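Dear colleague,

Here is the structure I said I would pass on. My notes on it follow below.

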Amino acid sequence: AEETLNGYNTSFDVKAHHVQDGILFDEDGFKVTAFHNFHLGETGEPWRSFTYRIDTDNKTVVYSGDVESYSELDEAIGDSCDALIIETGHHKIDSAYEYCKDKKIGKIFFNHCGREILNNYEASAKKISEMFGGKAVICEDKVVAEI
């Protein structure tokens with residue numbers, strides 16, 4: 001067991017590693033690529049905030065984590081992705097829609113939700129359903145989805 005930076009005790013060992021832009025893992029048809037973003041500002045190397053693209057033999061998932069601007073996802077999404085896991089803690093539903101509407105993204109999963117969604121869950125879920133035509137959902141803890 002180990003104590004983390006914020007004083008939380010864990011039942012497992014934490015081994016931190018610095019992440020750099022580029023391919024982190026590529027084996028047996030499973031590849032993970034990191035792209036730094038500016039959530040923590042333009043800190044330079046070593047970067048401390050990343051977006052990840054996960055490629056398998058037949059599916060691609062992009063996980064945003066926190067970002068300063070959705071445009072930071074462009075390189076990770078590339079031409080398309082099957083699923084985008086996108087944070088709304090620092091962004092509004094409207095800006096997520098404007099960013100995603102013309103991109104080739106199969107499904108969109110909103111995580112790390114901000115007050116816009118948390119304070120008005122039902123209205124936000126309806127708005128997201130209407131705007132995104134049913135291809136976007138708000139994630140809750142332990143959500144499972146087929147991509």
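**S49 and its surroundings**

Apart from neighbours within four places in sequence, S49 has contacts with F35, H36, N37, H39, L40 and D66. Please keep in mind that this is a predicted model.

S49 sits in the loop that lies between strand 4 (30–36) and strand 5 (50–55). Its relative accessibility is 9%, and because buried means under 20%, S49 counts as buried. With N37, one of the residues that S49 contacts, there is also a polar contact between side chains, at 2.7 Å.

**The protein as a whole**

The protein has four helices and nine strands. Read from the N terminus, the order of elements is β-β-β-β-β-β-α-β-α-β-α-α-β. The radius of gyration is 16 Å, and the globule rule gives 15 Å for 147 residues; the two are close, so the protein is as compact as a globular protein of that length. Along the principal axes, the C-alpha atoms fill a box of roughly 45 × 35 × 30 Å.

Of the 147 residues, 33% are buried. Taking contacts between residues at least 6 apart in sequence, 45% join residues at least 24 apart.

**Surface and charge**

The accessible surface is about 9600 Å², and carbon and sulfur atoms account for 48% of that surface. The protein carries 15 positive and 28 negative charges, and the mean positions of these two sets are 6 Å apart.

Regards

Conventions
Residues are numbered from 1 along each chain as its sequence is written. This is a predicted model: local features need pLDDT of at least 70, side-chain atom pairs count only at pLDDT 80 or more; totals for chains, interfaces and linings use all residues. Side-chain values use heavy atoms; hydrogens and water are left out. Helices (H or I, at least four residues) and strands (E, at least two) are DSSP runs, numbered from the N terminus. The radius of gyration is taken over C-alpha atoms; the globule rule is 2.2 Å times the number of residues to the power 0.38. Buried means under 20% relative accessible area, exposed over 50%, partly exposed in between (1.4 Å probe, protein chains only). Contact means heavy atoms within 4.5 Å. Accessible areas come from the Shrake-Rupley method with a 1.4 Å probe; for residues, only the protein chains shown count as cover. Lys and Arg count as positive and Asp and Glu as negative; His and the chain ends are not counted. The place of a charge is taken as NZ of Lys, CZ of Arg, CG of Asp or CD of Glu. A polar contact is a pair of N or O atoms within 3.5 Å; within protein, one must be able to donate a hydrogen and the other to accept it, and residues adjacent in sequence count only if both atoms are side-chain atoms.
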